[in-house]
Amino acid sequence: MTAEENTDLQSARRTLDKEIEALRMMENGLDNSLTQALDLMQKTTGRVIITGMGKSGHVGSKIAATMASTGTPSFFVHPGEASHGDLGMVTPNDIVVAISNSGETKELSDIIIYCKRYGIPLIAVTKNANSALGRAGDVLLKLPDDGEACPLGLAPTSSTTATMVLGDILAVCLLERKGFSKTDFKQRHPGGKLGAFLQKVSDLMHKGSEIPLVSENASMQNALLEMTSKMLGCVGVTNDNGELLGIITDGDLRRCISPDMLGKNVSEIMTRNPKTTTPDILVAEAVNIMNNTGKGITQLFVLDDNKPVGIVHLHDCLRAGAA
């Protein structure tokens, strides 16, 4: 390791240690003001408005986005724009969370006055309880006052990390209070990798005439024709009530190939009690079932009351970006 590399690693570790120290200090300082703030945010019939200037504003935007995506209507208002008309976005039904490490950010003065004038609850996030913001807040969420990781003590580093984590605490606590589910999360994340993983099996499965099925009395010749025509690498075997009894896959055919195979009954070849799923589970869970069986299967029949209503293939999951 070169001297330069060693210096860089030492600097990185000092930064990590300082930021971890700030988080530990915040953890030790948590008190009932957190519950008071959460009560206000949960009870509001409006939105949670986040505001802050500079780096606090950037962190505030992220906090608002996290809250909005986890069931708490929220958005960010820039304090400078608020003073030039955007205060109209804040209604008496809302609650404001104002962020300022020092608590003396002058750009917040107009929004603080506006909250007081119209009785809008104000949650102050600052390290200085005796600052203008700290005194004005209906609830104070105190940030750790332990300096910055920046060796100059100037660049917002430890303070912004602590603020970001505090925002995550608020969002997660509200999520848990509201019983926010994976289905709720999916509705707010229809796109990208998250959206793909949060799709339900019913969104991807092949249905109706696309499902490869034969009766338990069918010959292997009929089963092979059905498997070939549906092109999903398997065929399901059902009883007279339409319930799934077993499955025959490409792998089963290779293992059982013989001169007289086509004349055999499907019940002689099929794998009984195959792995299955239901329409309402997440695609990610179906992929997990396929990946964690001893044989490494690539298809799952989708059952409702033990009757096939669909079939999902690993390739469908791959195309959807969920595998």
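This text walks through three features of a predicted model: an aromatic pair, the buried side of a helix, and the packing of two helices.

We begin with the aromatic rings. A search of the whole structure finds one aromatic pair, and this pair is formed by Y114 and Y118, whose ring centres lie 4.8 Å apart and whose planes make an angle of 50 degrees, an arrangement that counts as tilted. Both residues belong to helix α5, which covers residues 109-118, and they sit four residues apart in it, or about one turn of the helix. An α-helix has 3.6 residues a turn, so residues three or four places apart point the same way. The two tyrosines can also be described by their accessibility: Y114 has a relative accessible area of 17% and is therefore buried, since the limit is under 20%, whereas Y118, at 44%, counts as partly exposed.

Burial is also the theme in helix α13, made up of residues 283-291, where V283, A286, V287 and M290 are buried. When the helix is viewed down its axis, the buried residues of α13 fall within an arc of 100 degrees, so they line one face of the helix.

The last step concerns two helices that pack together, namely α2 (residues 32-43) and α7 (residues 158-178), whose axes are 10 Å apart and meet at an angle of about 60 degrees. This angle makes α2 oblique to α7, and the crossing in which α2 passes α7 is right-handed. On the α2 side, the residues in contact are L34, T35, L38, D39, M41 and Q42, and they meet I169, L170, C173, L174 and R177 of α7.

Methods: Residues are numbered from 1 along each chain as its sequence is written. This is a predicted model: local features need pLDDT of at least 70, side-chain atom pairs count only at pLDDT 80 or more; totals for chains, interfaces and linings use all residues. Side-chain values use heavy atoms; hydrogens and water are left out. Rings of Phe, Tyr and Trp (its six-membered ring) pair if their centres lie within 6.5 Å; planes under 30 degrees apart count as stacked, over 60 as edge-to-face and the rest as tilted. Buried means under 20% relative accessible area, exposed over 50%, partly exposed in between (1.4 Å probe, protein chains only). The arc is that of the directions from the helix axis to the C-beta atoms. Axes are lines fitted to C-alpha atoms, for helices over the stretch in contact, and angles run from 0 to 180 degrees between N-to-C directions. Angles under 35 degrees count as roughly parallel, over 145 as roughly antiparallel, 65 to 115 as roughly perpendicular and the rest as oblique. A crossing is left-handed if the near helix is turned anticlockwise from the far one by less than a right angle, and right-handed if clockwise. Contact means heavy atoms within 4.5 Å.
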